[in-house]
Amino acid sequence: MRTFADYFQAPVMTFEDLNLNKPLLNALNDMGFKTPTPIQEKAFSVVMSGKDVLGIAQTGTGKTFAYLLPCLRQWTFQKNKVPQILILVPTRELVAQVVSEVEKLTPYIDVKVTGVIGGVSIHPQIAAISAGVDVIVATPGRLLELVINGTLKLKTVKKLVIDEVDEMLSLGFRPQLTHIFDALPKRQNLLFSATITEEVEALIADYFNNPIRVEAAPTGTPLVNIKQHGYFVPNFNTKINLLIHLFESNAELTKVLVFTGSKAIADIIFEKMDARFPERFGVIHSNKAQNYRFNAVNQFKAGAFQGLIATDIVARGIDVYEVTHVINFDTPDEAESYMHRIGRTGRYDKDGIAITFITEQEKPLFEKIETLMHYEVPMIELPETVEISEVLLPSEMPVVKMKTIKVRLPDRSTAGPAFHEKKDKNKKTNSKVPHKQLMREKYGKPKKRANKPGKKKGK
Ligand code: AMP
């Protein structure tokens, strides 16, 4: 029997209902995707209208296809391949991910996509671009290099996408972005951001003409399919004990991202976990070489690693399906980073669990996050089997306040000038006595020659 809700629920939209063409529909069908996510549904017609768009969506909401689908729908075949779509993203990993998403959508269209990243040889990129491309996915620095050295001409670009604008600006890419804007012709701009920070607002005000806002979930709204909880943990070493305990006691932790804000801490966690669970963990941060990072992510994707320890920035580009848990080894300084971190699990239509380890010092940071989310995260008691470590890191040591001992100084207020009377023996003054006089005093009056006996006066 039909219920009340059945009559009043909006009918579920499918990709067939969007104005997509056969090649794109077939590609979606091959991936098993039938219904657009809310951001895909909302963004599609607005992007198709040709207006500038500001999409507010976290990772995991399907935001990449939200801009790729309408862009590829409006892409037109040209014999001479020239860049029509330019997608700027903040990290190299995200370039790889977006390139792979474009490839997934284009098996039935003759679209050539290439990724452009820094930190690797520029020559293969020059060769790829010179051979002709339709879609370029790039980090801003290397893209600018290719424009400056004359390899890349941007005058054919019709659509500019800037993905993760907030991250792009917090990484300091604004100068590169403005140089790129100067090199571009008039085009449609599509900006996507998880959070709208002041810097994002400023960029939009300075360079974009009232883009239409499309929002999947208001800023700071965690995805509903992520279960969150936290542990109050006294110190770093106890956090390590808790992390080991969770992996030992819970067989469901099969694909786990462990986040920390610091590269040095990431390395320490990795050492400890690798010692306990050999070859089950990987680590990625910006000091690791590009190849090492790709390999670690691939091992993690393939399930060879049970856990991947990562810092915030590099984790941005990781698109790993079915991350079971995100563990925040420390509480991020920025509430937005927390949203990004936990958004790595519970990706579209999958459930995920986010666990945060919070020390006394981190409590105020965590409260800020709860305020942003309008949600109080439930806390779990530390399991009894987790050893509470007494060993503190230097940064955790209480600041020792030395007692200041006051020394009583003699009262000098009534003291006279700083000298005393000389003793008598020291009162003598030096006076120079001529040698002649000294001799006289010693030997008496000298005898004159004339007085000398035996000496006659004249002849
Ligand atoms: P994104 O937010 O773009 O990082 O996408 C998150 C994940 O959702 C990716 O692994 C996509 O392949 C997947 N995805 C995107 N659109 C859909 C959809 N309509 N149905 C199911 N999964 C999707």
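## Residues around the ligand

Helix α4 contributes three residues to the shell around the ligand, the most of any contributor. This description rests on a predicted model. Both α4 (63-73) and α5 (92-105) supply at least two residues of that shell. In total, 19 residues surround the ligand, and the closest are T35, Q40, G60, G62 and T64.

Sorted by class, the shell holds nine polar, six nonpolar and four charged residues. Residues of the shell come from both domain 1 (4-215) and domain 2 (226-396), so the ligand lies between the two domains.

## Polar contacts and burial

Oxygen atoms of the ligand approach both backbone and side-chain atoms of the protein. A polar side-chain atom of T64 is 2.5 Å from a ligand oxygen. For G62, a backbone N or O atom lies 2.7 Å from an oxygen atom of the ligand, and a polar backbone atom of T61 is 3.1 Å from a ligand oxygen. The protein buries 95% of the 500 Å² that the ligand exposes when taken alone.

## The parallel sheet

An open sheet is formed by seven strands with parallel pairing, in the order β3-β4-β2-β5-β6-β1-β7. The edge positions belong to β3 (113-116) and β7 (212-215); each has a single partner strand, so one side of each is left without a neighbour in the sheet. From one strand to the next, the twist averages 15°.

At the β3 edge, the pairing with β4 (residues 135-138) is parallel and runs over four bridges. Within this pairing, V113 has V135 of β4 as its bridge partner.

How values were computed
Residues are numbered from 1 along each chain as its sequence is written. This is a predicted model: local features need pLDDT of at least 70, side-chain atom pairs count only at pLDDT 80 or more; totals for chains, interfaces and linings use all residues. Side-chain values use heavy atoms; hydrogens and water are left out. A residue is near a molecule or strand if one of its heavy atoms lies within 4 Å of it. A polar contact is a pair of N or O atoms within 3.5 Å; within protein, one must be able to donate a hydrogen and the other to accept it, and residues adjacent in sequence count only if both atoms are side-chain atoms. Accessible areas come from the Shrake-Rupley method with a 1.4 Å probe; for residues, only the protein chains shown count as cover. Ala, Val, Leu, Ile, Met, Phe, Trp, Tyr, Cys and Pro count as nonpolar, Asp, Glu, Lys and Arg as charged, and the others, Gly among them, as polar. Domain bounds come from an automatic or database domain assignment. Two strands pair if DSSP finds at least two bridges between them. Axes are lines fitted to C-alpha atoms, for helices over the stretch in contact, and angles run from 0 to 180 degrees between N-to-C directions.
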